[in-house]
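Work through the exercises below with the sequence and the coordinates open. Each task is followed by a solution in steps.

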Amino acid sequence: MKNNLKFLVCCANGAGSSLMMKMTMQKVLDKAGLKPAQVHHCALSEGKTAARNFDVVFCAKNFANMFKDAEKNGTLVIGLRNIMSAQEIETALKANGIID
């Protein structure tokens with residue numbers, strides 16, 4: 001398990017769905033006992049610039065290609081099919097060795 005990671009959650013406008021995704025992700029992190037350094041949600045326009053300052057970026061699968069520059073700098077970008085699915089978030093975190 002990796003504590004003190006910085007997570008960024010992005011959606012198209014940064015208002016509704018990213019906030020819901022952030023809350024769902026926070027529940028998954030809490031359940032796993034992971035203590036993040038930061039969890040931030042925002043619009044894609046802000047996220048594309050800010051992503052390189054985060055360890056992990058979550059977004060809808062169709063937006064994941066917008067974060068190629070951040071990936072080149074070591075940021076893990078996780079595209080989700082269902083951004084509200086706690087199961088999908090948990091599976092992605094496990095698959096990437098972030099939670100056990």
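The exercises cover cysteines, salt bridges, a surface patch, aromatic rings and a few single residues.

The model is predicted, so local features need pLDDT of at least 70 and side-chain atom pairs count only at pLDDT 80 or more, while totals for chains, interfaces and linings use all residues. Residues are numbered from 1 along each chain as its sequence is written, and side-chain values use heavy atoms, with hydrogens and water left out.

**Exercise 1. Cysteines**

Task: Determine how many disulfides there are, and check Cys-11 and Cys-59.

Solution.
Step 1. A disulfide is a covalent bond between the sulfur atoms of two cysteines. The criterion applied is a pair of cysteine sulfur atoms within 2.5 Å.
Step 2. The count under this criterion is 0 disulfides. Cys-11 takes part in none, and its nearest cysteine sulfur, in Cys-10, is 7.8 Å away.
Step 3. For Cys-59 the closest cysteine sulfur is also that of Cys-10, at 6.7 Å, which is too far for a bond.
Step 4. Now classify by relative accessible area: buried means under 20%, exposed over 50%, and partly exposed in between (1.4 Å probe, protein chains only). Cys-11 has 6% and is buried; Cys-59 has 0% and is buried.

**Exercise 2. Salt bridges**

Task: Find the salt bridges and state which residues are joined into one network.

Solution.
Step 1. The criterion is a side-chain nitrogen of Lys or Arg within 4 Å of a carboxyl oxygen of Asp or Glu. It yields 3 salt bridges.
Step 2. Glu-90 and Lys-31 form one of them, with an N to O distance of 3.4 Å. This pair links distant parts of the chain: Glu-90 belongs to helix 4 (residues 86–95) and Lys-31 to helix 1, 59 residues apart. Helices here are DSSP runs (H or I, at least four residues), as are strands (E, at least two), numbered from the N terminus.
Step 3. Glu-90 also meets Lys-94, at 3.2 Å from N to O. These two are 4 residues apart in helix 4, and therefore separated by about one helical turn. Through shared partners, the salt bridges join Lys-31, Glu-90 and Lys-94 into one network.
Step 4. Compare accessibility within the network. Glu-90 is buried at 13%, Lys-31 is exposed at 65%, and Lys-94 is partly exposed at 42%.
Step 5. Glu-71 and Lys-68 form a salt bridge at 3.6 Å, N to O. Both are in helix 3 (residues 68–72), 3 residues apart, so about one helical turn separates them. Glu-71 is partly exposed at 33%, and Lys-68 is partly exposed at 46%.

**Exercise 3. A nonpolar patch**

Task: Which residues form a nonpolar patch on the surface, and what is their accessible area together?

Solution.
Step 1. Patches are made of residues with over 30% relative accessible area and no salt bridge; like charges are joined within 9 Å, and nonpolar side chains (Val, Leu, Ile, Met, Phe, Trp, Tyr) within 5 Å. Accessible areas come from the Shrake-Rupley method with a 1.4 Å probe, and for residues only the protein chains shown count as cover.
Step 2. The patch consists of Leu-19, Met-20, Met-23 and Met-84, with about 340 Å² together.
Step 3. Leu-19 is in helix 1 (residues 17–32) and is partly exposed at 34%.
Step 4. The C-alpha atom of Leu-19 is 14 Å from that of Gln-38, 19 residues apart along the chain.

**Exercise 4. Aromatic rings**

Task: How many aromatic pairs are there, and over the face of which residue does Lys-6 lie?

Solution.
Step 1. Rings of Phe, Tyr and Trp (its six-membered ring) pair if their centres lie within 6.5 Å; planes under 30 degrees apart count as stacked, over 60 as edge-to-face and the rest as tilted. The result is 0 aromatic pairs.
Step 2. A charge sits over a ring if NZ of Lys or CZ of Arg is within 6 Å of the ring centre and within 35 degrees of the ring normal. Lys-6 lies over the face of Phe-54, 5.5 Å from the ring centre.

**Exercise 5. Two single residues**

Task: Describe the phi of Asn-4 and the place of Ala-60.

Solution.
Step 1. Most residues other than glycine have a negative phi. Asn-4 has a positive phi, near 65°.
Step 2. Asn-4 is in the segment before strand 1 (6–11) and is exposed at 57%.
Step 3. Ala-60 is in strand 3 (residues 56–60) and is buried at 16%. Its C-alpha atom is separated by 19 Å from that of Gly-74, 14 residues apart along the chain.
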